[in-house]
Amino acid sequence: GRFACNPEKAMRHYQKKLGDPFYFQFNPKSGIWVSGTPKAAQEIFTAKKDTYARLSPADAIETLLGPGSMILLSGQQHLQEKRCMAP
């Protein structure tokens, strides 16, 4: 759809339509809060705990990148993946 073809254009469309920040829902169970301005990003990160509590940051990253993403791995798993990616 719109997002796959041009993610930046899609995000700008949703920002105009829904305001900033807005909740971008990937599927019925997951989504992520998105901001295009420093002021709205600050609002997200300084809000009371439950204001933007639909997903934890790790859940949002896992939704975007998958459960085996190097950014979500730690310890030995992370080091092994890092070695594989190094030149």
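The chain has five helices and two strands, where helices (H or I, at least four residues) and strands (E, at least two) are DSSP runs numbered from the N terminus. Read from one end of the sequence to the other, the order is α-α-β-β-α-α-α. The model is a predicted one, so local features need pLDDT of at least 70 and side-chain atom pairs count only at pLDDT 80 or more, while totals for chains, interfaces and linings use all residues. Residues are numbered from 1 along each chain as its sequence is written, and side-chain values use heavy atoms, with hydrogens and water left out.

Burial comes next. Of the 87 residues in the chain, 18% count as buried; here buried means under 20% relative accessible area, exposed means over 50%, and partly exposed is what falls in between, with a 1.4 Å probe and protein chains only.

The two strands go together. β1 and strand β2 (residues 30–34) pair in the antiparallel sense over five bridges, a pairing being called when DSSP finds at least two bridges between two strands. With two residues between them, β1 and β2 form a hairpin. Within this hairpin, Phe24 has Ile32 of β2 as its bridge partner. As a general point, side chains in a regular strand alternate between the two faces of the sheet.

Phe24 also turns up among the aromatics. The structure holds three aromatic pairs, counted when rings of Phe, Tyr and Trp (its six-membered ring) have centres within 6.5 Å; planes under 30 degrees apart are stacked, over 60 edge-to-face, and the rest tilted. One of these pairs is Tyr14 with Phe22, whose ring centres are 6.4 Å apart and whose planes sit at 45°, so the pair is tilted. Tyr14 with Phe24 is tilted as well, at 5.4 Å centre to centre and 55° between the planes. Since Tyr14 lies in helix α2 (residues 7–18) and Phe24 in strand β1 (residues 22–27), this pair ties together parts that are 10 residues apart in sequence. Tyr14, Phe22 and Phe24 make up one aromatic cluster. How buried or exposed are its members? Phe22 is buried at 3% relative accessibility, and Phe24 is buried too, at 11%, whereas Tyr14 is partly exposed at 22%. Tyr14 can also be placed against the second strand's residue Val34: the two are 20 residues apart along the chain, and their C-alpha atoms are separated by 9.5 Å.

Helix α2 carries a charged pair too. The count comes to one salt bridge, taken as a side-chain nitrogen of Lys or Arg within 4 Å of a carboxyl oxygen of Asp or Glu. Glu8 and Arg12 form it, with their closest N and O atoms 3.0 Å apart. Both residues lie in helix α2, four residues apart, or about one turn of the helix. Arg12 is partly exposed, with a relative accessible area of 48%.

Between α2 and β1 there is a loop that holds Pro21. The peptide bond from Asp20 to Pro21 is cis, with omega near 5°. For context, most peptide bonds are trans.

Further along the chain, Leu65, Ile71 and Leu72 form a nonpolar patch on the surface, with about 280 Å² of accessible area together. Patches are made of residues with over 30% relative accessible area and no salt bridge, like charges being joined within 9 Å and nonpolar side chains (Val, Leu, Ile, Met, Phe, Trp, Tyr) within 5 Å. The areas come from the Shrake-Rupley method with a 1.4 Å probe, and for residues only the protein chains shown count as cover. Ile71 is found in the loop between α4 (57–65) and α5 (75–85), and at a relative accessible area of 58% Ile71 is exposed.

Helix α5 includes Met85, which is exposed, with a relative accessible area of 59%. Met85 and Met70 are 15 residues apart along the chain, and 9.9 Å separates their C-alpha atoms.

Finally, the cysteines. How many disulfides does a search of the whole structure find? The search finds zero, a disulfide being a pair of cysteine sulfur atoms within 2.5 Å. Cys5 is exposed at 70% relative accessibility, and Cys84 is exposed as well, with a relative accessible area of 65%.
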